[in-house]
Amino acid sequence: MNGDQAMRAHSSSLPGPTFDSPAFVTPATLASSTVAIVTSAALHTPEANAFDGGDTSYRLIDRSRRDLILGHWSPNFDRSAFAMDLNVVYPIDRLEELAARGVIGAVAPRHVSFAGNQPDDLSTVRFDSGPAAAAALRADGVDVVLLTPV
Amino acid sequence: MSVLAHVFEAAGIATVVLSSVRAMTVKTAPPRALHCEFPLGRPLGRPGDPEFQHDVLAHAFALLDAPSGPVLVDHPVVIESEAEQVSCTLPPRFDPGLPPAVDEARGIRRAYDRVAERRGVSSVGRVIEAAEVPAAVASLVAIAEGADWRTAELPGGNTTALCHDIRSYYEEAALDLVTGPLPGPRALEDWYFEHTETGRVVLAARDAIRESGAKSAVWFYMAPATRSL
């Protein structure tokens with residue numbers, strides 16, 4: 001079993017919260033939507049506070065930044081690809097290209113980073129930091145979010 | 001990720017998740033998910049391949065046309081995580097008076113610097129800077145050879161963060177040392193743990209700390225769970 005198979009088997013065995021009445025938002029057309037990325041790679045800028053192990057907070061990343069650090073604490077995934085091309089985790093240049101071509105309406109001015117390794121009950125991201133990050137993106141006029149894991 | 005999708009959707013934002021663990025995505029049922037059976041750490045599939053990344057995004061954004069959810073669709077491409085070995089030449093021994101791993105860490109510094117300058121950023125720096133890597137490796141050599149980890153004065157005081165810094169230093173330097181195409185998934189992890197002196201030292205130090213009876217939090221995350229000497 002290689003590293004990815006082992007991690008997928010482990011992750012599949014973890015409990016996952018279920019949602020009784022999940023919301024389902026029907027967006028306007030993609031061509032008129034402002035799009036943001038939300039990643040669980042614990043990305044942060046050099047001057048921003050790094051993520052602690054078990055960190056439940058988030059960082060807002062300005063659209064212009066490319067000098068990002070992969071702050072995730074797990075050694076169990078391929079960390080090298082991000083150093084080769086950040087778009088493989090955080091496809092910000094691809095969004096800029098889609099906006100230039102009119103496929104999406106606009107690239108959001110700020111994007112969001114969480115740490116994927118959360119405490120098991122996930123209560124903070126569900127009821128505190130997650131809604132706060134969503135409110136920040138709503139204030140920026142974001143219509144659509146792409147979520148990228150590592 | 002799927003939990004955050006529910007949270008953002010409840011706030012009025014439409015979401016699309018790039019799923020990496022299909023069973024968990026089925027369990028948590030986000031409104032829209034594109035499952036990507038790609039190597040972990042590469043949710044857009046392939047670094048340096050804008051065309052493929054755009055293909056992933058096109059599949060993902062197409063899910064926004066679904067009238068109701070949850071929607072779970074598989075990307076048609078599967079990328080295996082077995083990597084071909086990279087060709088990555090390490091510098092020859094320079095100072096035979098140093099432990100091989102320490103000499104090696106010093107030897108790749110210029111390669112690391114070139115990559116850091118090119119990228120404008122480095123993931124080294126959680127607890128030590130690049131200049132401190134050789135001394136940190138020396139501490140791990142001592143532990144691997146029997147020194148008590150509690151008195152070995154490991155820089156930074158956090159084995160997980162320290163080992164991340166050392167591995168980032170090596171994997172970033174490797175980007176200047178490899179020849180041929182971009183390294184495949186886990187290819188640099190293989191190179192680091194199987195072909196560098198320091199990778200082997202980290203595994204040996206982890207074993208020594210574990211065998212000393214330390215709590216798992218001290219040693220478990222020093223290297224991938226599947227790695228052993």
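**Exercise 1. Find the strand of chain A that pairs with β1(B), and say in which sense the two run.**

Solution. Start with chain A of this predicted model and go to residues 144–148, which form strand β7. Its partner across the chains is β1(B), and the pairing is parallel, with four bridges. To pin down one spot, pick L147(A): V17(B) is its bridge partner in β1(B).

**Exercise 2. Work out which elements of chain B touch chain A, and which one gives the largest share.**

Solution. First, get the overall count: 65 residues of chain B and 63 residues of chain A take part in the contact. Next, list the elements of chain B that put in two or more residues. They are α1 (2–10), β1 (14–19), α2 (22–28), α3 (50–62), α7 (159–177) and α8 (187–195). Now look for the top contributor: α1(B) supplies eight residues, the largest share of this side. Last, sort the side of chain B by class, and you get 38 nonpolar, 17 polar and 10 charged residues.

**Exercise 3. Describe chain B as a whole: its elements, its box and its burial.**

Solution. Begin with the secondary structure, where you'll find 10 helices and five strands. Then fit a box along the principal axes; the C-alpha atoms fill roughly 70 × 40 × 30 Å. Move on to burial: chain B has 229 residues, and 51% of them count as buried. Finally, take the contacts within chain B that have a separation of 6 or more: 65% of them join residues 24 or more positions apart.

Key: Residues are numbered from 1 along each chain as its sequence is written. Chains are lettered from A and ligands numbered from 1 in the order in which they are written. This is a predicted model: local features need pLDDT of at least 70, side-chain atom pairs count only at pLDDT 80 or more; totals for chains, interfaces and linings use all residues. A residue is buried if 20 or more other C-beta atoms lie within 10 Å of its own, exposed if 12 or fewer, and partly exposed in between; C-beta atoms are placed from the backbone. Two residues are in contact if their C-beta atoms, placed from the backbone, lie within 7 Å. Ala, Val, Leu, Ile, Met, Phe, Trp, Tyr, Cys and Pro count as nonpolar, Asp, Glu, Lys and Arg as charged, and the others, Gly among them, as polar. Two strands pair if DSSP finds at least two bridges between them.
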